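Q: I would like to learn how to read a model like this, one feature at a time. Where shall we start?

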Amino acid sequence: MTKQFDMNTWLETPLMKAMGDLDPSKTQALTQNLMQAGLEAQALMADMAALQEKAPPAPQRPDPFGALEIQTKLAQAVAARPDRMAQAMMTYMTGWMNLFQSMSMGGELPRDRRFSDPEWSSNPMLDFMRRSWMLNADWLKSLVDAAGDDLTDAERTKAHFFTSQMIDAMSPSNLPASNPAALRAMIETGGESLVQGLRNARADLQRGKGRFAISQSDESAFQLGENIATAEGEVVYRNKLIEIIHYNPTRKKVRERPMLIFPPWINKFYILDLQPENSMIRWLLGQRVNTFLVSWRSADDETKHYTWDDYVEHGVLAALNAVTAETGAKDVNTIGYCIGGTLLTSALAHMAQVGDERIKSATYFASQSDFSNAGELKIFTDEAAIDQIGDVIADHDGMMPGEMMGETFNWLRPADLVWRYVVDNYMMGKQPKPFDLLYWNADQTNIPGPTHQTYLKSLYNENALSEGNFEVFGHPVSMGDIDVPVFIQASRSDHICPWHSIYRGAQNFGGDVRFTLAGSGHIAGVINHPNANKYQHWVNHDLPDNPGNWLSHAEEIEGSWWPSWWNWLKPLCGDKIEATPPKKHKLGKAPGQYAKMRLADIAAGKKPKGPYSDGTSPSAAPAKKPSYRMPAGRRQRS
């Protein structure tokens with residue numbers, strides 16, 4: 001039945017009635033707080049000006065990531081074809097006609113968390129704003145497809161990305177005057193929410209030293225080793241780049257072959273040990289796995305010059321030396337997560353080349369080795385973008401600052417990780433709640449400039465590892481030489497490492513490969529404890545050329561993929577032996593020193609206390625750079 005609207009309909013919505021029912025005392029409080037909000041806004045502008053004067057000048061590269069350039073190309077591609085332009089305008093006009101019809105009929109819209117407040121449906125004005133924004137959003141996205149072959153695949157990805165960024169920014173939910181929850185909070189608190197929101201913005205601006213470092217979690221609620229990252233263990237090795245944690249066994253017997261984990265060095269390792277109920281570390285210990293983990297050091301003036309080769313030498317190979325010496329095992333199983341997996345692949349290819357067989361198997365979590373179809377992050381890896389990032393590294397003393405890395409990942413999902421907190425923190429004056437995952441997400445790390453540039457240029461831009469052109473210690477390495485058993489996990493909704501990209505890389509290994517696809521995304525798809533009974537995963541022991549063919553013949557299984565992985569891993573772990581506690585090297589307990597070093601500590605010039613395992617300390621003169629030695633009894637392949 002057609003709905004009829006008159007002025008009374010507009011005025012009888014709960015929000016409009018609340019605005020009309022203000023009593024004199026609330027009106028007075030609102031007036032006073034609006035005046036205070038004006039003063040806070042002036043102070044915010046003054047803070048911005050003062051902090052910008054202190055901040056180092058930004059690199060002067062117009063349109064460094066090609067946003068304006070790609071929008072111009074898109075417009076030219078559509079305008080160059082009159083038939084495309086005509087079809088686009090016809091689609092737009094039809095959309096408007098359908099909009100008014102759907103409003104009058106009360107047509108349902110797709111669910112969107114931004115518009116969950118009932119006022120977006122009950123208030124005709126807000127309903128119109130929401131529907132018109134969705135219409136414009138769909139139409140702008142359709143223009144990218146209308147450009148057809150006039151844009152390359154890379155240009156189309158970039159056009160989709162920047163168009164989506166503009167669309168998300170223009171959402172009416174992001175405007176104080178049209179967000180019903182923000183308006184209601186202002187009325188109910190007599191304007192206090194507005195004042196507090198501006199104070200929150202000022203605090204985030206100060207914390208970010210001139211940029212809005214948006215708070216996503218109450219960081220004061222967490223302390224590493226006390227209520228987060230609490231799995232018990234000992235630091236058994238430390239050099240300038242890594243600490244190795246050996247976790248206390250939780251069973252009387254363990255499997256004889258140790259597990260060595262290489263997490264990403266973007267953020268920190270304890271995503272694998274947030275809380276006892278979702279800790280992969282604790283789960284592995286429960287399966288009797290003798291577990292060792294690498295904790296990477298956030299770059300500072302001692303490590304800012306480290307290269308990819310240094311990460312292979314002082315990271316992967318040093319860890320292998322330490323763990324085999326610690327346990328007496330001749331070989332280990334390994335895990336590589338995200339970029340930690342990419343590093344592991346390059347090291348494995350080198351080890352295969354020189355005949356080093358100390359790695360028995362490799363498991364990869366959300367890790368790419370082929371970057372030809374690597375999704376939206378490719379936007380930041382063309383030549384112009386790499387030049388811009390080079391300027392950023394030069395302006396930050398040779399390091400890629402962790403804050404900028406964190407912002408980049410947040411802007412890949414702006415509705416959930418940016419605008420949501422703009423609304424809650426600044427428009428509604430809320431204080432962030434404690435959330436372990438978001439605490440971890442905000443605990444970023446600096447990256448040595450040379451390592452980061454290799455990652456962007458050689459891997460993302462040139463796809464050198466997949467194509468056999470990537471060099472380790474001066475020699476090209478091939479993934480085809482890697483013939484150890486490999487298990488690869490990808491997540492179906494991963495926006496950082498798309499599963500099609502991971503699948504393509506899986507086909508480059510030279511040995512047996514098992515591929516598994518998990519539900520959810522880059523984090524939740526990996527960290528999914530079986531007890532949570534969440535999501536699903538797909539298994540298929542074949543590896544056809546086409547990922548679509550793999551999925552169409554895969555078996556869908558409810559719940560976590562961890563048990564399926566364990567069925568593969570268990571035969572590779574060896575027999576049960578008596579468990580022994582970690583040795584005491586007087587290097588400290590888990591989670592170690594490196595994980596506790598935050599960006600503010602590094603910016604203040606603080607360093608880990610040490611000592612390093614060679615007896616030196618962070619304040620001592622640099623030790624002679626160790627060289628990689630072939631384990632005894634192993635010969636280089638001819």
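A: Let's start with a proline. P591 is found in the loop between β16 (576–578) and α22 (599–603); helices (H or I, at least four residues) and strands (E, at least two) are DSSP runs, numbered from the N terminus. This is a predicted model, in which local features need pLDDT of at least 70, side-chain atom pairs count only at pLDDT 80 or more, and totals for chains, interfaces and linings use all residues. Residues are numbered from 1 along each chain as its sequence is written, and side-chain values use heavy atoms, with hydrogens and water left out.

Q: What kind of peptide bond joins A590 and P591?
A: A cis one, with omega about 10°. A cis peptide bond also joins G610 and P611, where omega is about 0°. P611 lies in the segment after α22.

Q: Which phi does K209 have, and is C338 buried or exposed?
A: K209 has a positive phi of about 55° although it is not a glycine. The loop that holds K209 lies between α10 (192–207) and β1. For burial, the cut-offs are under 20% relative accessible area for buried, over 50% for exposed, and partly exposed in between (1.4 Å probe, protein chains only). K209 counts as exposed because its relative accessible area is 63%. C338, in the loop between β6 and α13, also has a positive phi of about 55° without being a glycine, but C338 is buried because its value is 10%.

Q: How is the sheet put together, and which are its edge strands?
A: Strands of a sheet pair through backbone hydrogen bonds, either parallel or antiparallel. Here 10 strands form an open sheet with mixed pairing, in the order β1-β2-β5-β4-β6-β7-β12-β13-β14-β15; two strands pair if DSSP finds at least two bridges between them. β1 (233–238) and β15 (555–558) are the edge strands, each pairing on one side only. From one strand to the next, the twist averages 25°; axes are lines fitted to C-alpha atoms, for helices over the stretch in contact, and angles run from 0 to 180 degrees between N-to-C directions.

Q: How do β6 and β7 run, and what packs on the sheet?
A: β6 (residues 332–337) and β7 (residues 359–365) run parallel, joined by six bridges, and T334 stands opposite A362 in β7. Helix α13 (residues 339–354) packs on the sheet, touching β4 (259–262), β5 (291–296), β6 and β7, where contact means heavy atoms within 4.5 Å. The direction of α13 makes about 150° with that of β7.

Q: How many residues has the largest nonpolar core?
A: In soluble globular proteins, nonpolar side chains tend to be buried together. A nonpolar core is a set of buried Ala, Val, Leu, Ile, Met, Phe, Trp, Tyr and Cys residues joined through side-chain atoms within 4.5 Å. The largest has 134 residues, and F515 and W565 have the most contacts inside it. Helix α12 (residues 308–327) gives the most to this core, with nine residues. Apart from it lies another core of 11 residues, among them A37, A201, V418 and V422. As for F515, the residues it touches, leaving out those up to four places away in sequence, include I488, W499, Y503, N540 and W550.

Q: Where is E302 found, and is E302 buried or exposed?
A: E302 is found in the loop between β5 and α12, and it is buried because its relative accessible area is 10%. Leaving aside neighbours within four places in sequence, E302 is in contact with K240, R297, K607, Y612 and P618.
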